[in-house]
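Please take me through this model in the viewer, one selection at a time, and tell me what to look for at each stop.

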Amino acid sequence: MQIDGPVLLYGAGREARSTAAFLRKQHPELELFVTSDDGEAQLDGATFVTPEAAQDVSRFGLIVKSPGVSLYKPIFQSAREAGIKVTSNLNLWGAHYRDGRTVVAISGTKGKSTTATLVHLMLKHSGVDVILAGNVGIPPLDATDKAQTVVLELSSYQTADIDFAPDIAAISNLYPEHVDWHGGLDTYYRDKLNLIAKGPKLVAIGPQAATVERVKATIPAGTQHVPPLDIDLSDEILMAAMTSRLKGAHNHDNARLAAAIALAAGATREGIFAGIEAFVPLPHRLEELQVGDLLFVDDSISTTPEATKVALAAYKGKKIALVAGGHERQQDYTDLANLMGLTSVVMLCCLPVTGMRLGRMVSENTPIPVIKANTLDEAMQALAKVPKDTFDTVILSPGAPSYNQFRNFEERGDRFKALAQSLFGDKAAS
């Protein structure tokens, strides 16, 4: 790859480190700069420049954008107008390592991480030479020549500008999310479905996504659907999923979607079931923690009301104390509020900002007690004072991003689990 001038890395996280290592290996004399919207960024071998200084794009020969940085920032438009290429870790991988490999790319508003992990496990247990990369697994550029089959788990941030077609593309479902990053709901849908629009050989669509007209309309004429599971195999997979660590009906759907994808990519029936059995719940995705008699469920990855509804359905019959609320993205909580009275939620703890809106709607329509808290710490402290038999399950399923109080959903989930241990250990045992 010809690079005419220094490279700017916009973002300094895991993918940026991977990109920097790749560029240094390919071009040892290349001058690297790094910038970040979160303040001064540290990246070995790269010189920090402020976002303001980075606006002078003429000094760079290439800009590599990290996934969390919006593609629609003015700096990237300025770069394109100046003829400066804007790319990503994923697209650099595609340019250098995609040829000769089977590529399975999986996206969707929710369920993509579980589905991609299952596909990887199913293929691995079938003896396929496979690696998992993207948002789960390793950064794409770390999956260089390590396997003949690559399973990519991709967010809308990555599908927005993906510039190569996978062999198999999958969309688990499609709900509104990350609207602010994309600059509008219509753009979010377009960017998410760009994965399909690229023209994969095969496409796999989850049950919810299959009902969305926009999804169906995006599938190119030359792209075929993966073969459906036969009825008997589908039933067997459902039974295997129900007795595995896959929690909830949505994950049972994910298992069947993963099986169809994996079979199309070379998995065996035996490998399918071995993969399901080997699955371990991913952190912060209905991750369970038992503290005495109480069950705590870390579903911090839940950033949409639809995801919270799924979490409540997975624990039907439990006496649930729900902790919800987070960064405001103007999402509609009407359905979630209306559903609340039909679930086994016995208490709602509301966090700023969106939780206050949800709490008002729940108070107006149900007898469910609502606790308003300024922080997650306050919410958990309030729950610790509630009589022991009021609830048996505490679920953190915010239905909103974490950015107003935490760096990311991982930090939020870790704090929830730490508070569960510190505040409820003695209480549950007493």
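Begin at the second largest pocket, which is lined by 15 residues; to find its centre in this predicted model, select Ile-205, Pro-228, Arg-256, Leu-257 and Ala-260, the lining residues that lie nearest to that point. The volume of this second largest pocket is about 230 Å³. Colouring the lining by class shows 10 nonpolar, three polar and two charged residues.

Next, display strand E10 (202–205) together with helix H11 (249–264), each of which supplies at least two residues of that lining. Of the contributors, H11 gives the most, with four residues.

Now move to helix H4, residues 89–97, where seven of the nine residues are buried, so that the helix is largely enclosed by the rest of the structure. The buried residues to select in H4 are Asn-89, Leu-90, Asn-91, Leu-92, Trp-93, Gly-94 and Tyr-97. With these highlighted, bring up the elements against which they pack: helices H1 (14–26) and H6 (156–159), along with strands E4 (62–65), E5 (85–87), E6 (102–107) and E8 (149–153).

For the last stop, select Cys-349 and Cys-350, and consider why the sulfur of Cys-349 is without a bond to the closest cysteine sulfur. That closest sulfur belongs to Cys-350 and is 7.4 Å away, which is too far for a bond, given that a disulfide requires the two sulfur atoms to be within 2.5 Å. Cys-350 is likewise in no disulfide, and the count for the model comes to zero disulfides. Both cysteines are nonetheless buried, Cys-349 with a relative accessible area of 0% and Cys-350 with one of 1%.

How values were computed. Residues are numbered from 1 along each chain as its sequence is written. This is a predicted model: local features need pLDDT of at least 70, side-chain atom pairs count only at pLDDT 80 or more; totals for chains, interfaces and linings use all residues. Side-chain values use heavy atoms; hydrogens and water are left out. Buried means under 20% relative accessible area, exposed over 50%, partly exposed in between (1.4 Å probe, protein chains only). Contact means heavy atoms within 4.5 Å. On a 1 Å grid over the protein atoms alone, a cavity is a set of points where a 1.4 Å probe fits but cannot get out, and a pocket is an open set with protein on both sides within 12 Å along at least five of seven lines; lining residues have an atom within 4 Å of a point. Grid points are joined across faces, edges and corners, and a volume is the space filled by probe spheres set on the points. Ala, Val, Leu, Ile, Met, Phe, Trp, Tyr, Cys and Pro count as nonpolar, Asp, Glu, Lys and Arg as charged, and the others, Gly among them, as polar.
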